[in-house]
Amino acid sequence: MRGTIASCAILVLLAGTADAEQCPPGALGVSRTLVVDPNEHPRVGSMQYPETLPLNDHEVVLTFDDGPLPRYTNSVLETLASECVKATFFMVGQMARAYPWMVRRVHDEGHTVANHTQNHPIRKMSVDQAAREIEEGFASLREAIGDSQAVSPFFRIPGLMRQKSVEQYLAAHGDMTWSADFLADDWTRINNSEVARRAISRIEARGKGILLLHDIHARTVLALPEILNELKSRGYKIVHVVPATADRPKTATSPEQWVAHPTPEQHASPSQTRPPRQGISRRHGEAPQPK
């Protein structure tokens, strides 16, 4: 028995060494892992809520919505891996059912898998309708990975169209609702250089926070290397966020660290800031657009 345990420990150490060796010199990497308890802080993101993640100055959390979509998500994962960076992917259940191997790849590469509803509805919903979207989304992600514990209790409302009743439902079920601290407008008809410029300028204006991107657009794939390079050159650090579990205690923080301080731009109306769902082409074997 002791020999078996020792062998397993050696394998773990070797695996960790291999992962470290795969990171190129000067890679951006993950500066720290932030472990959060959704029951204590059920809503985050200064664009809409009075609390956001307790980040230090020059710390950024990367998030991606609406995937997975292989032709783009694969490239996003490759770029993140090239810089040894981890992110949170808010996935649509319908997309997870279409591409379960992509969900598994995201999880296996150490990223956080989170829920973005089953069908990405951009409309006000009753609590019953929202509950179905939420629970079916979680079920699709768990089925894709094959592990009920592998999906985080993190959720982002489609289009950032917040509803108090939906937020209350999520909190009652121990799920953490994520908004964002800044957008890059990558769902709009701008080029990749402008996506990167907006992302960096808004990060600089605030100094830290949650960046919302989408892994279903070519412009995002092209902008991501520039965003990461700029963050690295400007001294920013990437933080990976995971949920607290029985064997993974929450990171110690003070209440003051969670207090959000919106920038003037974030006081704009939600209709001016929220990202609408864009159509996904059926060409090249892609999944139909969730309605």
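A cavity is here a set of grid points over the protein atoms alone where a 1.4 Å probe fits but cannot get out. By this criterion, a search of the whole structure, which is a predicted model, finds 3 cavities of 30 Å³ or more. The largest cavity has a volume of about 70 Å³ and is lined by 13 residues, with T117, M125, I157, P158 and Q163 lying nearest its centre. Helix α5, spanning residues 127–145, supplies the largest share of this lining, namely 3 residues. By residue class, the lining of the largest cavity divides into 9 nonpolar, 2 polar and 2 charged residues.

The largest pocket encloses about 510 Å³ of space. Its lining comprises 24 residues, among which Q149, V151, S152, P243 and R248 are the closest to the centre of the pocket. Two strands, β5 (112–115) and β10 (237–243), each contribute at least two residues to the lining of this pocket, and β10 gives the most, with 3 residues. In the lining of the largest pocket, 8 residues are nonpolar, 11 are polar and 5 are charged, whereas the corresponding division for the largest cavity is 9 nonpolar, 2 polar and 2 charged.

With respect to the chain as a whole, the model contains 9 helices and 10 strands. Of the 291 residues in the chain, 51% are buried. The chain exposes about 13300 Å², of which carbon and sulfur atoms supply 53%. Among the contacts in the chain with a separation of 6 or more, 80% are accounted for by residues 24 or more positions apart.

One residue with contacts to distant parts of the sequence is T63, which is placed in strand β3 (residues 59–65). T63 counts as buried because its relative accessibility is 0%, and the limit for that class is under 20% relative accessible area. When residues up to four places away in sequence are not counted, T63 touches T88, F90, R156, W178, I210, L211, L212 and L213. Of these partners, I210 is 147 residues from T63 in sequence, while the C-alpha atoms of the two residues are 7.1 Å apart in space. The side chain of T63 also takes part in polar interactions: a polar contact of 3.0 Å is made with the side chain of R156, and the backbone oxygen of L211 is reached at 2.7 Å.

The loop between β3 and α2 (70–82) contains D66, and P68 is placed in this loop as well. D66 has a relative accessible area of 2% and is therefore buried. The side chain of D66 is joined to that of H120 by a polar contact of 3.1 Å. The backbone of this loop has two further features that can be set against a general expectation. Most residues other than glycine have a negative phi, and most peptide bonds are trans. In D66, phi is near 85°, a positive value in a residue other than glycine, and the peptide bond from G67 to P68 is cis, with omega near 5°.

A positive phi also occurs at C84, a residue other than glycine, where the angle is near 55°. C84 lies in the loop between α2 and β4, the latter comprising residues 88–91. At 16% relative accessibility, C84 counts as buried, because the class includes values under 20%. D66, with a relative accessible area of 2%, is likewise buried.

Farther along the chain, P262 is found in the loop between β10 and α9 (270–273). The relative accessibility of P262 is 36%, so that this residue counts as partly exposed, a class that lies between the limits of 20% and 50%. Although P262 and E51 are 211 residues apart along the chain, their C-alpha atoms are separated by 9.8 Å. Strand β10, at the start of the loop that holds P262, is also the element that gives the most residues to the lining of the largest pocket.

Methods: Residues numbered from 1 in each chain as written. Heavy atoms only, no water. Helix = DSSP H or I, 4+ residues; strand = E, 2+ residues; numbered from the N terminus. Buried < 20%, exposed > 50% of the residue type's maximum accessible area, 1.4 Å probe, protein only. Contact = heavy atoms within 4.5 Å. Areas by Shrake-Rupley, 256 points an atom, 1.4 Å probe, with all protein chains shown as cover. 1 Å grid on protein atoms, 1.4 Å probe; cavity = no way out; pocket = protein on both sides within 12 Å on 5 of 7 lines; lining within 4 Å. Points joined across faces, edges and corners; volume = space filled by probe spheres on them. Nonpolar A, V, L, I, M, F, W, Y, C, P; charged D, E, K, R; others polar. Polar contact = N/O pair within 3.5 Å; in protein donor to acceptor, adjacent residues only side chain to side chain.
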